[in-house]
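Hi there,

Here is the structure I promised to pass on to you. Have a look at it first, and then read on for my notes.

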Amino acid sequence: MAHAFSFRRHGKLLILVVGVIAVLLFAWYQFGREPAPTQAESWRRMGWDAPAVVRAEPATLGSLEVQIKSIGTVTPLNTVVVRSRVDGVLDRVAFAEGAAVEQGELLAEVDPRPYKTQLEQAEGQLQQNRATLENARADLQLYEKLWEQDSIARQQLSDQRALVKELDGTLRANQAQVEDAQLQLSWTRIEAPLAGKLGLRRVDPGNLVSSGDTEGLVTITQMQPIAVNFTVPEIELQALRSAFQGEGKLQVEALDRSERQVLATGELTTLDNQIDTTTGTLRVRARFENDDSALFPNQFVNVRLRLNTLADVVTIPADAVQFGTDRNYVYVINDGKAYIREVVLGAAANDRVAVTSGLEAGELVVLEGLDRLRDGKQVTIPGAEPAAESDVTPEGPAGGRPASGERRGPPRAGN
């Protein structure tokens with residue numbers, strides 16, 4: 001009985017304690033908690049109303065060189081595999097591997113003795129037939145006098161005339177044989193067919209060489225002048241053809257892989273006669289004098305083709321342009337705030353782009369810090385004088401960029 005009474009008393013005490021705790025929690029929830037921040041205060045805490053630090057540059061008025069950039073391959077205008085034109089033993093090699101040679105310079109020599117023998121035989125046969133012809137001609141003159149005196153038959157005179165013609169034909173054949181033997185003998189001296197740079201030697205002295213050898217003795221690559229082949233996108237074809245058919249030559253620059261050093265400067269010489277359907281590009285060729293041998297065959301280079309120069313155009317850095325689905329725009333700074341300005345772009349070159357509409361020279365455009373901007377956002381430019389304080393109505397991220405193309409900032413200067 002006493003145990004049951006004690007249990008009921010402890011249960012009432014526990015219920016009382018739980019009730020007191022519940023009352024205290026309710027009071028803290030209603031009166032002790034800080035009020036919920038407003039939407040503006042939330043954006044302020046996230047830093048949306050703090051001025052954005054940006055870097056800006058003014059739009060400039062000047063000239064802009066319209067260029068086409070591509071990747072090209074240095075290609076020799078002429079490459080020759082030097083082969084022997086006669087069969088025989090390679091007596092000696094007169095060139096050094098990798099050396100520069102001039103046209104007509106001796107490279108190697110084939111054993112000439114068999115061809116000297118052939119020449120002597122042909123010359124001996126020629127001399128023999130020449131003496132026979134001279135004797136036949138002397139007899140013909142005698143027969144003609146005797147025919148005038150009516151001392152010989154006409155048939156004998158006709159036979160002698162035929163013999164002279166026959167011997168004359170034989171003599172011409174002998175003369176051709178002599179010239180052929182002389183030509184074969186001259187071919188034992190292997191000379192450079194053009195000026196250029198030699199490659200590695202492929203045959204050593206003492207080996208038999210033949211006119212049918214496919215590898216040859218050595219290769220010669222023309223280095224000066226030299227060409228660079230590259231491609232131009234189909235979309236640039238009309239501008240390229242118009243510039244190519246103009247009065248002046250189109251300048252082409254070959255740069256190294258980092259595009260920091262100009263290796264050589266040449267001119268555009270050839271456009272291919274059809275577009276490659278697999279790549280949608282046109283193959284073109286530029287010619288370089290390459291006096292300092294800065295360009296090497298099969299070398300990959302960056303190519304910069306100058307089409308023309310635009311004068312008195314407004315240009316801005318290409319990094320300032322933002323591309324939308326249906327428009328291009330920049331952020332323009334006015335009275336310490338950034339405003340969206342829709343622009344119409346023209347040609348681009350050297351990391352700058354021409355603006356044909358929507359921007360005037362001298363207006364500041366934002367280059368860095370674009371990710372924190374919205375229309376009407378207050379900005380700070382390091383190193384510039386601070387802008388006057390102004391009240392900024394907080395706007396959420398969704399109101400940063402207008403959906404339409406109109407500009408929501410203050411009117412442009414001069415309007």
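**Notes on strands, loops and one ring pair**

In β10, the residue that bridges to Gly-88 is Val-209. Please keep in mind as you read that this is a predicted model.

That bridge belongs to a pairing between strand β5, which covers residues 88-93, and strand β10, which covers residues 208-209. The two strands run antiparallel to each other and are joined over two bridges. β5 also has a partner in strand β7, residues 106-110, again in the antiparallel sense, and here there are three bridges. If you want a spot to start from in the viewer, try Leu-90, whose bridge partner in β7 is Val-110.

Next, the backbone. You may want to check your omega values at the peptide bond from Gln-224 to Pro-225, which is cis, with omega near -5 degrees. As for where this happens, Pro-225 sits in the loop that links β11 (218-221) to β12 (226-233).

Two residues that are not glycine have a positive phi. For Glu-259, phi is near 60 degrees, and the residue is located in the loop between β13 (251-255) and β14 (262-276). For Asn-290, phi is about 55 degrees, and this residue belongs to the loop between β15 (281-288) and β16 (300-317).

Are these two loop residues buried or exposed? Glu-259 has a relative accessible area of 41%, so it counts as partly exposed, since that class runs from 20% to 50%. Asn-290 has a relative accessibility of 4%, and therefore it counts as buried, the cut-off being under 20%.

Finally, the aromatic rings. How many aromatic pairs does the structure hold? There is one, and it is formed by Tyr-329 and Tyr-331. Their ring centres are 6.2 Å apart and the planes meet at 80 degrees, an edge-to-face arrangement. Angles over 60 degrees fall in that class, which is why the pair is not called stacked or tilted. Both partners are on the buried side of the cut-off: Tyr-329 has a relative accessible area of 5%, and for Tyr-331 the value is 0%.

If you would like a short list of places to open in the viewer, I would suggest these:

- the cis peptide bond from Gln-224 to Pro-225
- Glu-259, with its positive phi
- Asn-290, also with a positive phi
- the edge-to-face pair of Tyr-329 and Tyr-331

Happy browsing, and do write back with any questions.

Best wishes

Technical notes: Residues are numbered from 1 along each chain as its sequence is written. This is a predicted model: local features need pLDDT of at least 70, side-chain atom pairs count only at pLDDT 80 or more; totals for chains, interfaces and linings use all residues. Side-chain values use heavy atoms; hydrogens and water are left out. Rings of Phe, Tyr and Trp (its six-membered ring) pair if their centres lie within 6.5 Å; planes under 30 degrees apart count as stacked, over 60 as edge-to-face and the rest as tilted. Buried means under 20% relative accessible area, exposed over 50%, partly exposed in between (1.4 Å probe, protein chains only). Two strands pair if DSSP finds at least two bridges between them. Helices (H or I, at least four residues) and strands (E, at least two) are DSSP runs, numbered from the N terminus.
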